[in-house]
Protein chains: 2
Amino acid sequence: MINNVTLIGSGNLATQIGIAFKQSKITINQVYSKDVKNAKKLSKKLKCKFTNKIKEIEIKELGIICIKDDYISKIADKIPNKPIVHTSGSTNINTLNKFKKHGVIYPIQTLNKNKKANFTKIPICVEANTKLFEKELNVLCKKISNNVINVKSNKRLNIHIAAVMCNNFTNQIINRAEHILKKQNLSFEILLPIIDETFKKIQNPKTRLQKTGPAIRKDYKIIKKHIEELEGLDKKIYNIISKQIMSDE
Amino acid sequence: MINNVTLIGSGNLATQIGIAFKQSKITINQVYSKDVKNAKKLSKKLKCKFTNKIKEIEIKELGIICIKDDYISKIADKIPNKPIVHTSGSTNINTLNKFKKHGVIYPIQTLNKNKKANFTKIPICVEANTKLFEKELNVLCKKISNNVINVKSNKRLNIHIAAVMCNNFTNQIINRAEHILKKQNLSFEILLPIIDETFKKIQNPKTRLQKTGPAIRKDYKIIKKHIEELEGLDKKIYNIISKQIMSDE
């Protein structure tokens with residue numbers, strides 16, 4: 001059983017998973033960050049040691065790499081051969097091949113340092129290089145989440161893609177809608193009821209498939225009018241998403 | 001004061017606005033639909049007369065055209081010169097020029113025949129060809145909604161575009177995310193917490209602008225990996241929305 005973890009990273013994910021583990025009586029051994037201020041700040045929250053020197057990273061039972069995807073393999077080269085996981089949606093487990101026990105724990109959620117996350121509801125994707133280590137990671141993750149699933153790297157990549165679409169892309173579209181209203185001196189507030197209704201429909205598998213709007217009606221006149229009114233990438237995005245709704249790919 | 005309306009159309013909007021007006025003690029004089037079954041069905045709900053013959057349409061104080069945008073001008077040619085409005089987001093008020101008193105009432109909401117809408121919260125855009133008629137329409141609409149705004153046709157067009165983006169486009173993206181998970185034999189349920197969080201962030205103007213994800217981080221490796229994994233229009237849409245997030249147009 002893993003009861004002691006070292007956090008390699010001090011960002012949004014490190015902060016929130018650290019808080020969740022601490023609350024579940026897992027000891028946080030140490031926090032590493034290249035920025036000593038960040039390391040110190042998080043270590044205070046988690047009441048643990050900190051370092052900003054890679055060679056001082058001390059892993060007892062598990063190291064959790066929570067840094068940008070590009071740096072995972074770089075930092076992995078420099079840390080001792082202890083049980084290790086990364087937390088990236090799109091990075092293959094093989095990146096950590098040099099460790100005898102290696103794996104992944106990827107929480108499907110957008111996290112923020114300053115906003116406490118309710119981990120019990122967050123699905124966590126687990127992968128490990130051995131059945132035994134997979135079991136250990138499952139036991140660990142089930143202490144903070146009620147929804148632990150075991151998925152291989154390629155499935156996890158697809159989950160990450162779907163998560164980016166559901167989170168970053170919908171948010172982007174809403175931001176552009178706000179921009180369009182602002183140009184007309186209109187308040188974004190007038191869209192909140194339709195956004196609320198959309199969200200309610202999305203949550204239900206039946207209503208999610210009840211498509212409405214000009215594209216599904218193949219109302220080409222309206223689509224043309226809208227595209228003519230838009231500019232730049234908004235124009236292109238309106239065109240291509242309408243095309244996809246119509247082709248119902 | 002308008003206290004009597006005739007509904008020209010029997011679809012989602014006609015049904016829900018009819019119910020809302022009836023509840024606010026506005027008399028529904030008659031329902032017209034080219035499909036006699038639909039006309040009859042809605043007239044039963046609203047306890048009013050019905051017809052499927054255009055020449056039998058009887059307007060006392062106001063006719064409300066709630067039919068597909070393309071047919072508005074066609075039906076307008078055939079009905080008597082009585083006070084009239086259409087309910088389309090993207091159709092210019094001028095389409096109804098031949099009527100002495102003409103205007104628009106456009107509710108910013110996706111409506112469904114079979115799901116009762118709470119009109120009090122739905123913003124209604126009003127436009128009219130005279131100040132007096134605008135006032136009359138405002139009084140009428142305020143009976144069913146607490147959020148009546150006066151906007152000209154071009155602003156309304158932009159509101160409709162923004163509404164299509166917030167509703168149909170976000171719904172489409174979520175449907176594609178579900179499709180991607182299905183191909184991996186994964187349940188859509190695992191995305192519900194991140195969708196919930198996204199929706200909460202969208203509602204708040206501050207958090208809406210806190211962008212996250214590979215595109216805003218300019219994480220080109222991840223973006224490339226995701227685009228390589230996707231196919232068809234999903235690939236193109238992922239590419240172009242990421243581009244827009246990065247350019248922060």
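Me: A residue is exposed if 12 or fewer other C-beta atoms lie within 10 Å of its own, and buried if 20 or more do. With that in hand, which exposed residues sit on the face of helix 4 of chain A turned away from its buried side?

Reply: Keep in mind that this is a predicted model. The buried residues of helix 4 are F133(A), E136(A), L137(A), L140(A) and C141(A). They take up an arc of only 130° around the axis, so they end up on the same side of helix 4 of chain A. The face turned away from that buried side carries the exposed residues K131(A), L132(A) and V139(A).

Me: And what covers the buried residues of helix 4 of chain A?

Reply: Those buried residues include F133(A) and L137(A). Their cover in chain A includes strand 5 (84-86), strand 6 (102-107), strand 7 (124-128) and strand 8 (148-150).

Me: How far apart are the end C-alpha atoms of helix 4 of chain A?

Reply: Helix 4 runs over residues 131-142, which makes 12 residues. At 1.5 Å a residue they should span 16 Å, and the model agrees, because the end C-alpha atoms are apart by 16 Å.

Me: Let's step back. How confident is the predictor: what is the mean pLDDT of chain A?

Reply: Where pLDDT is low, the predicted coordinates should not be read in detail. In chain A, 100% of the residues reach 70 or more. For the model as a whole, ipTM is 0.95 and pTM is 0.95. The mean pLDDT of chain A is 96.

Me: How many helices and strands does chain A have?

Reply: The C-alpha atoms of chain A fill a box of roughly 65 × 40 × 30 Å along the principal axes. Of its 249 residues, 50% are buried. Its secondary structure comes to 9 helices and 8 strands.

Me: Chain A is divided into domain 1 and domain 2, so to speak two pieces; how far apart do their C-alpha centres lie?

Reply: Domain 1 of chain A covers 4-151, and domain 2 covers 156-247. The distance between their C-alpha centres is 35 Å.

Me: Where the two domains touch, which strands of chain A each supply at least two residues of the domain 1 side?

Reply: The contact takes 9 residues from domain 1 of chain A and 6 residues from domain 2 of chain A. By class, the domain 1 side has 5 nonpolar, 3 polar and 1 charged residues. The strands that each supply at least two residues of that side are strand 6 and strand 7 of chain A.

Me: Now for the partner chain. Which helix gives the largest share of the side of chain A that touches chain B?

Reply: In all, 70 residues of chain A are in contact with 70 residues of chain B. Several helices of chain A each supply at least two residues of that side, among them helix 3 (69-76) and helix 9 (232-247). On the chain A side, the residues divide into 36 nonpolar, 18 polar and 16 charged. The largest share, 23 residues, comes from helix 5 of chain A.

Me: What covers the buried residues of helix 6 of chain A?

Reply: Helix 6 has 12 residues and reaches 17 Å from its first C-alpha to its last, close to the 16 Å expected. Its buried residues include P193(A), I194(A), F199(A) and I202(A). Their cover draws on both chains: it includes helix 5 and helix 7 (205-208) of chain A, together with helix 5 (153-183) and helix 6 (192-203) of chain B.

Me: Over in chain B, is I8(B) buried or exposed?

Reply: I8(B) lies in strand 1 of chain B. Beyond its neighbours within four places in sequence, its contacts include Y32(B), I57(B) and I75(B). There are 27 other C-beta atoms within 10 Å, and the cut-off is 20 or more, so I8(B) is buried.

Me: In which loop does N185(B) lie?

Reply: N185(B) is not a glycine, yet it has a positive phi of about 55°. It is exposed, because it has 7 other C-beta atoms within 10 Å. N185(B) lies in the loop between helix 5 and helix 6 of chain B.

Me: Is K218(B) buried or exposed?

Reply: K218(B) also has a positive phi, near 50°, and is a residue other than glycine. Its place is in the loop between helix 7 (205-208) and helix 8 (220-229) of chain B. With 11 other C-beta atoms within 10 Å, against a cut-off of 12 or fewer, K218(B) is exposed.

Conventions. Residues are numbered from 1 along each chain as its sequence is written. Chains are lettered from A and ligands numbered from 1 in the order in which they are written. This is a predicted model: local features need pLDDT of at least 70, side-chain atom pairs count only at pLDDT 80 or more; totals for chains, interfaces and linings use all residues. Helices (H or I, at least four residues) and strands (E, at least two) are DSSP runs, numbered from the N terminus. The expected span of a helix is 1.5 Å times one less than its number of residues. The arc is that of the directions from the helix axis to the C-beta atoms. Two residues are in contact if their C-beta atoms, placed from the backbone, lie within 7 Å. Domain bounds come from an automatic or database domain assignment. Ala, Val, Leu, Ile, Met, Phe, Trp, Tyr, Cys and Pro count as nonpolar, Asp, Glu, Lys and Arg as charged, and the others, Gly among them, as polar. pLDDT is the predictor's confidence in each residue, from 0 to 100.
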